[in-house]
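Trainee: Could we go through this model together, one question at a time? I would like to see how each answer is reached.

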Amino acid sequence: MRATLRQAARATVHLFLAAAMAFGSYIFITVLLIAATGAVTGVGIWLLPETVLLIRRIAGAKRRLTASWTGREIPEAYRTVTGPLRERLRTAVGDPGTLTDLRWMGAYYAYGWLTLLMLPLWPAGLLVDGVRRALLGREALVLPLLVRLADLEAGWSAALLSPSPKALLASRVEQLTATRADAVAAHGAELRRIERDLHDGAQARLVALSMRIGLAQRAYGADPDTARKLLTDAQDQAEEALTELRHVVRGIHPPILTDRGLEGAVRALAGSSGLGVTVRTGLLPDGPRAPAAVEAAAYFVIAEALTNAAKYSGSDRAEVVLARSRTGLSVRVRDEGCGGVDESAGSGLLGMRRRVAALDGTVRVSSPVGGPTVIEVELPCVW
């Protein structure tokens with residue numbers, strides 16, 4: 001009986017919130033009719049996109065409420081409403097997600113009142129089920145109806161709020177368009193960085209090397225000692241230029257990734273980071289490797305995270321976890337520093353997100369003030 005009461009109480013909370021949302025939707029219908037009337041007459045046409053955005057927020061709240069009861073997330077598929085008024089109107093009206101939300105809102109206007117059935121079920125359940133349990137020793141009969149009622153309400157809402165295949169396709173196209181733009185921007189930034197490194201580093205040293213060799217040639221006959229000194233300096237310049245070139249090459253694709261794999265490359269990176277880095281890995285040493293692009297993205301994410309931790313966290317320790325899942329590669333970098341990461345303050349995390357998004361991956365950053373800072377990356381791939 002105690003378990004039945006707990007389940008009935010949880011169902012009642014869900015039904016109460018659903019009833020409150022249904023009551024709010026009844027009020028919102030008035031706002032929707034005003035916006036529609038204004039759009040038709042042209043007086044309040046600018047209200048239409050804002051009304052659609054408000055409907056999206058209401059539908060999103062209902063999706064979260066339904067997901068908390070069913071345990072299954074309901075995806076959202078919306079086009080971004082931006083730009084001038086004409087474009088915003090075209091997007092708001094033509095978005096398949098708008099039709100889905102309106103269909104749910106109209107149906108909810110009809111079935112939302114079912115949640116009020118919980119009011120008579122509680123006293124009836126306490127009386128009937130109490131008697132059945134105390135006198136007859138039988139299972140509860142009425143209170144479980146609250147759970148079924150919550151299941152029915154959540155099932156209808158989930159079916160109505162699930163986006164159509166057309167909406168999912170449109171959302172996916174928009175996402176891929178944004179991802180492609182980010183990938184192009186990241187590629188352009190990477191090319192500019194390589195060009196800058198070559199121009200300011202290796203190229204400058206090679207120019208200095210050429211000048212010293214020319215001076216050594218001129219001084220060779222008249223002053224051999226000066227020529228030898230210039231050649232020694234030229235050799236030093238050549239070695240520095242080679243170091244700069246190796247640095248640029250490592251920035252494009254670290255050779256150690258090819259030679260030692262991701263785990264070996266990350267351990268080498270941890271050893272040279274200046275922090276006490278613990279590396280834990282679930283990768284199989286003799287198992288299949290992830291694609292080169294996935295390994296490179298994971299390596300650069302870890303390198304950027306460790307660099308940021310060494311510069312800004314104030315901590316002297318960090319942890320890197322590599323894990324292999326059925327659908328991809330997981331990376332987790334944690335430091336016990338001061339936290340409070342501001343993604344808008346620099347380009348490091350933005351570049352990280354762009355690099356991962358280009359592979360259809362995800363980045364999650366948790367950095368409360370006081371720490372710890374945790375960066376989790378999921379990179380899809382086939383093993």
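Mentor: Happily! Let us begin with a definition: helices are DSSP runs of H or I with at least four residues, numbered from the N terminus. Keep in mind, too, that this is a predicted model.

Trainee: Then how many residues apart are Arg267 and Glu263 in helix H9?

Mentor: Both residues belong to helix H9, which covers residues 255-271. Their side chains form a salt bridge, with the closest N and O atoms 3.3 Å apart. The spacing along the chain is about one turn of the helix, namely 4 residues.

Trainee: Is Arg267 buried, partly exposed or exposed?

Mentor: Buried would need a value under 20%, and exposed a value over 50%. Arg267 has 40% relative accessibility, so the label is partly exposed. Its partner Glu263, at 23%, also counts as partly exposed.

Trainee: Which helices does the salt bridge between Arg63 and Asp101 link?

Mentor: Side chains of opposite charge can pair when their charged atoms come close. Here the closest N and O atoms of Arg63 and Asp101 are 3.4 Å apart. The two residues are 38 residues apart in distant parts of the chain, and the helices they link are H2 and H4.

Trainee: And is Asp101 buried or exposed?

Mentor: The cut-off for buried is under 20% relative accessible area. Arg63 has 4%, so Arg63 is buried. Asp101 has 1%, so the answer for Asp101 is buried.

Trainee: Let us turn to the strands. Which strand holds the Arg332 that pairs with Glu376?

Mentor: The side chains of Glu376 and Arg332 meet in a salt bridge, 3.7 Å from N to O. This pair links distant parts of the chain, 44 residues apart: Glu376 sits in strand S5 (residues 373-380), while Arg332 sits in strand S3.

Trainee: Which residues are linked with Arg332 and Glu376 in a network of salt bridges?

Mentor: Glu376 is partly exposed, with a relative accessible area of 28%. Arg332 is partly exposed as well, at 27%. Linked with these two in the network are Arg280, Glu319 and Arg364.

Trainee: How many salt bridges does the structure hold?

Mentor: We have met several, including the one between Arg267 and Glu263 and the one between Arg63 and Asp101. For the structure, the count is 13.

Trainee: Back to helix H2. Which residues is Leu53 in contact with, leaving aside neighbours within four places in sequence?

Mentor: Leu53 is found in helix H2, residues 47-70. With a relative accessible area of 22%, Leu53 is partly exposed, because buried requires a value under 20%. Its C-alpha atom is 8.2 Å from that of Ala92, 39 residues apart along the chain. The contacts you ask about are Val81 and Arg88.

Trainee: Which residues make the nonpolar surface patch of about 340 Å²?

Mentor: One of them, Leu47, is found in helix H2. Leu47 counts as partly exposed, at 30% relative accessibility. The full patch is made by Ile45, Trp46, Leu47 and Leu85.

Trainee: To finish with the protein as a whole, what share of its 383 residues is buried?

Mentor: The secondary structure comes to 11 helices and 5 strands. Of the contacts with a separation of 6 or more, 70% are between residues 24 or more positions apart. The protein exposes about 21800 Å², with carbon and sulfur atoms supplying 61% of that area. As for the buried residues, their share is 37%.

Conventions. Residues are numbered from 1 along each chain as its sequence is written. This is a predicted model: local features need pLDDT of at least 70, side-chain atom pairs count only at pLDDT 80 or more; totals for chains, interfaces and linings use all residues. Side-chain values use heavy atoms; hydrogens and water are left out. Buried means under 20% relative accessible area, exposed over 50%, partly exposed in between (1.4 Å probe, protein chains only). Contact means heavy atoms within 4.5 Å. A salt bridge is a side-chain nitrogen of Lys or Arg within 4 Å of a carboxyl oxygen of Asp or Glu. Patches are made of residues with over 30% relative accessible area and no salt bridge: like charges are joined within 9 Å, nonpolar side chains (Val, Leu, Ile, Met, Phe, Trp, Tyr) within 5 Å. Accessible areas come from the Shrake-Rupley method with a 1.4 Å probe; for residues, only the protein chains shown count as cover.
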